[in-house]
Amino acid sequence: MLIDSNVFMEIALMRQRAKICADLLYAIKTDMIVEDVFVTKFTLNAIEAMLSGKQKDFLRDLLILVYQGKIKTVKNMSEDDMSALAIQSEIGLDFDDTVQFLAASRLGTYLVTYDQDFAKTSLLTKTPEEVLSELSKA
Amino acid sequence: MQFDSSQQVSATYLRNNASEIIDKAISEGIRVIVRRSKPVVIMLPVQEYEKLKNSASQKKKKKFNLEEIRKDNTFYKYIGCMEDNPDFKGLTSVQICKKWTDYVD
């Protein structure tokens, strides 16, 4: 799974699904998720920029997951950025979303997100609720 | 980490005798490539690698338990840590993430 930035920000902003997003992160932290978990470097940069100042403890705990290899970072290759520019209007996404779309497609995985814009693409997306529900049934 | 000396191969020897070393790795198991007296690379048969990979993922797998997660979740303390930021009022996390560069300066 590739996790989109809105999943992390849902927690920090105490939006309605904050708890379930925190549950997803804790499941990753405690090795309850066997499949590979990814974030793009693009997402990590956005989170790092937004979670500055008082939120640095949250950022630190996220980065620990990265350092421990529990979340793997995907570097956006310059070719991907070029491709994103080229195809974003074709698939109807903005640049940021197109970068996520390309990264998930390249990894052959799905995107964990609340962003409905991906529904107009062929990319498989799941919400954190769906991921945790599937794990509960497994 | 200790390795049997019979498993060790210098990088120079590998360069000149790659075929022999690959055959030995297939028939006798791992080869440890040594550079400047330090083990730097391990060569092992694909089947051995698959076994290692599977055992690592088995080891990693813990039974998913939502109750357990919710009992000790150390990420709960961060819920709402940015809630008082006036720039984010009334916006969803999706909207903010789409325009994150507007808020970080």
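Does T101(B), with its C-beta neighbours inside 10 Å, count as buried or exposed, and how many of those neighbours are there? T101(B) has 11 of them, so it counts as exposed. The cut-off behind that verdict is 12 or fewer for exposed. Keep in mind that what you're looking at is a predicted model.

Where do you look for T101(B)? Try the segment after helix 5 of chain B. For a feel of the distances in this chain, pick out I30(B) as well: 71 residues separate it from T101(B) along the chain, and their C-alpha atoms are 50 Å apart.

**The sheet in chain B**

Staying with chain B, find the open sheet, where 3 strands line up in the order 1-2-3 with mixed pairing. Strand 1 (8–10) and strand 3 (38–43) sit at the edges, each pairing on one side only. Going from one strand to the next, the twist averages 35°.

Now zoom in on strand 1 and strand 2 (residues 31–35) of chain B: they run parallel and are joined by 3 bridges. For one pairing you can trace yourself, start at S10(B), whose bridge partner in strand 2 of chain B is V34(B). Helix 2 (residues 18–28) of chain B lies across strand 1, strand 2 and strand 3, and runs at about 140° to strand 2.

**Two residues with a positive phi**

Each chain has a residue worth a click here. M14(A) is not a glycine, yet its phi is positive, and R36(B) can be described in those words too. Here they are side by side.

| Residue | Phi | C-beta neighbours inside 10 Å |
|---|---|---|
| M14(A) | about 50° | 16, partly exposed |
| R36(B) | about 50° | 7, exposed |

Both are in loops: M14(A) is between helix 1 and helix 2 of chain A, while R36(B) is between strand 2 and strand 3 of chain B.

**Helices packing in chain A**

How do helix 2 (residues 18–29) and helix 7 (residues 128–137) of chain A pack? Their axes are 9 Å apart and meet at an angle of about 50°, so the two helices are oblique to each other. Their crossing is left-handed. From helix 2 of chain A, the residues in the contact are I20(A), C21(A), D23(A), L24(A) and A27(A), and helix 7 of chain A answers with P128(A), E129(A), V131(A), L132(A) and L135(A). Sorted by class, that gives 8 nonpolar and 2 charged residues, with no polar ones. If the spacing of the numbers looks curious, here's a handy rule: an α-helix has 3.6 residues a turn, so residues three or four places apart point the same way.

Next, which residues of helix 3 of chain A are buried? They are F42(A), T43(A), L44(A), A46(A), I47(A) and M50(A). Their cover includes helix 1, strand 2 (38–40), helix 4 (56–67), strand 3 (72–74) and helix 6 (95–107) of chain A, along with helix 5 (93–98) of chain B.

**Where the chains meet**

That brings us to the contact between the chains, which takes 34 residues from chain A and 28 residues from chain B. On the chain A side, helix 1 (5–12), helix 2, helix 3 (41–50) and helix 7 each supply at least two residues. Helix 2 of chain A gives the most, with 7 residues. Split by class, this side of chain A has 20 nonpolar, 5 polar and 9 charged residues.

How values were computed
Residues are numbered from 1 along each chain as its sequence is written. Chains are lettered from A and ligands numbered from 1 in the order in which they are written. This is a predicted model: local features need pLDDT of at least 70, side-chain atom pairs count only at pLDDT 80 or more; totals for chains, interfaces and linings use all residues. Axes are lines fitted to C-alpha atoms, for helices over the stretch in contact, and angles run from 0 to 180 degrees between N-to-C directions. Helices (H or I, at least four residues) and strands (E, at least two) are DSSP runs, numbered from the N terminus. Angles under 35 degrees count as roughly parallel, over 145 as roughly antiparallel, 65 to 115 as roughly perpendicular and the rest as oblique. A crossing is left-handed if the near helix is turned anticlockwise from the far one by less than a right angle, and right-handed if clockwise. Two residues are in contact if their C-beta atoms, placed from the backbone, lie within 7 Å. Ala, Val, Leu, Ile, Met, Phe, Trp, Tyr, Cys and Pro count as nonpolar, Asp, Glu, Lys and Arg as charged, and the others, Gly among them, as polar. Two strands pair if DSSP finds at least two bridges between them. A residue is buried if 20 or more other C-beta atoms lie within 10 Å of its own, exposed if 12 or fewer, and partly exposed in between; C-beta atoms are placed from the backbone.
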